[in-house]
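Work through the exercises below with the sequence and the model side by side, trying each task before reading its solution.

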Amino acid sequence: FHGVTTAVMGNCGVGFAPVRAADRERLVDLMEGVEDIPGSALAEGIPWSWETFPEYMRAIDTPHAIDFAVQVVHDALRVYVMGERAIAGELASEEDVARMRALTREALEAGAVGFSTGRTDNHRAADGSHTPAAEAHVNELCGIASALEGLGHGVVQAVSDFDMTESPARFDAEFDVLEAMAEAAGGHPLSLSLLQRQRDTSQWTRILERAERASARGLDIRLQVAARGIGVLLGLETTFHPFMGFPSYKAIAHLPLEERVRRMRDPALKAKMLGEKSERVAGDGSPIPPLADQLLANLDFVAMSLWRLGDDVCYEPRREDSLFGEAMRRGVSALEVVYDAMLEGDGRELLYFPIYNYMDGNLDAVHRMLTHPLALAGLSDGGAHVGTICDASFPSYMLLHWARDRAHGRIPLPRVVRMLSAENARYMGFSDRGTIELGKKADLNVIDHARLRLCRPGLVRDLPAGGRRLVQRAEGYRATIVSGEVVVENDALTAARPGCLVRL
């Protein structure tokens, strides 16, 4: 729905191949925790007709609307080679590393486009444990990355917290590890995720500085940048909201949305619920997500960065329009304003909480990131965090907000188009697409740029086992064409399925 004709899967080091039969459930739990995809949907929907990565590639190479490519993922690879020792976070032996390198090389020679690893504390399995590769030693990372040596294609991708809470030395030590991995890849490109994680600019600007220095000495390093704030959506139908652990809410959590809304509009229930405290377990018996606890623990502060998404979707809202600003004007608590807002639209209102990239109450930091020479337009989660985040609209947002609507600091439309097409294609090694030239793939978009707009996200139940996911559509795409076939016409999918697995 946003003009994408080729998607690259397998960021952050999580995925489902290679895998032994005994470890399938483990990988499901990992994906459920890290990427907020219902375990029941994964358990019912995955055919598990593979073990090796080449077998996995053959299994998923079926007709799709768009083309897609895959990366080798560190967590699955580590579990496949090391078993329980990977889960326990043990150091990989020389034999383990050699085996992981060989399997990565096998996947790359079968057409995989790269290797990804995740080193962030934000990613946890469903039971709260660290991901298997979260603290992999530099020797392991370099050993795997060396699988790219001598190949004509392949990228390396990493996400890291680059923690500076203890000391700048810890930041530099982590960057040194990832630089070493890039060097071991023998000249192949490395991309890192770049986010504004705190009000202080020292962290993300330090990433820019280190990346510039690495680039100056010959490393091909790029930075994946989001088009806007990385934020979660809160609502009565989403994965979590502030009231999910309140006793009175848990008593009605099992009811259909319409009935829940009717009961929550009762002034007596509202008063009772607003006087309660959250418990550690939700109504379905699952633990309350840490983010929900954080919301409640600092609600007044959080409410300064909490907005109704509304029908006229806005991702660069003003501070004074926040729910905290409304609470101040009404003379009530922030919790009451959140309660009332969640009941709007018959309980379908979504509250937008940008966790990253919006510390200053605007997108000026994102503008600086996006316009940096090392920037890549990325991080647009489309199939992940399905009940919490809906960022698949990033390409459309680049075109309408940054190239058309922003009052200041716009990015010229030709540059935005180049970032979304030619630059990403060139970085990934896709020589047959990304520009309109004779002999290249007929992957094209026909866009009514003046009419382009984002629709508000909504939940649909189209995953296996009745699983829900957030979907956001756009208006203004006259046609999206893949390999010469129209897959989207006037904002609606057609029956054409020319897409396939891209092998390099």
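**Exercise 1: an aromatic pair**

Tyr-56 is buried, with a relative accessible area of 12%, where buried means under 20% relative accessible area (1.4 Å probe, protein chains only). This is a predicted model, in which local features need pLDDT of at least 70, side-chain atom pairs count only at pLDDT 80 or more, and totals for chains, interfaces and linings use all residues. Residues are numbered from 1 along each chain as its sequence is written, and side-chain values use heavy atoms, leaving out hydrogens and water.

Task: find how the rings of Trp-50 and Tyr-56 are arranged.

Solution: Begin with Trp-50, which counts as buried at 8% relative accessibility. Rings of Phe, Tyr and Trp (its six-membered ring) pair if their centres lie within 6.5 Å, and planes under 30 degrees apart count as stacked, over 60 as edge-to-face and the rest as tilted. The centres of Trp-50 and Tyr-56 are 5.1 Å apart and the planes stand at 65°, so the pair is edge-to-face. Finally, ring pairs link both residues with Phe-16, Trp-48 and Phe-53 into a cluster.

**Exercise 2: a histidine and its partner**

Task: determine which side chain makes a polar contact with the side chain of His-401.

Solution: First locate His-401 in helix H18 (residues 394-405), a helix being a DSSP run (H or I) of at least four residues, numbered from the N terminus. Next, note that His-401 is buried, at a relative accessible area of 11%. The partner is the side chain of Glu-316, at 2.8 Å, a polar contact being a pair of N or O atoms within 3.5 Å, of which, within protein, one must be able to donate a hydrogen and the other to accept it, while residues adjacent in sequence count only if both atoms are side-chain atoms.

Methods. Buried means under 20% relative accessible area, exposed over 50%, partly exposed in between (1.4 Å probe, protein chains only).
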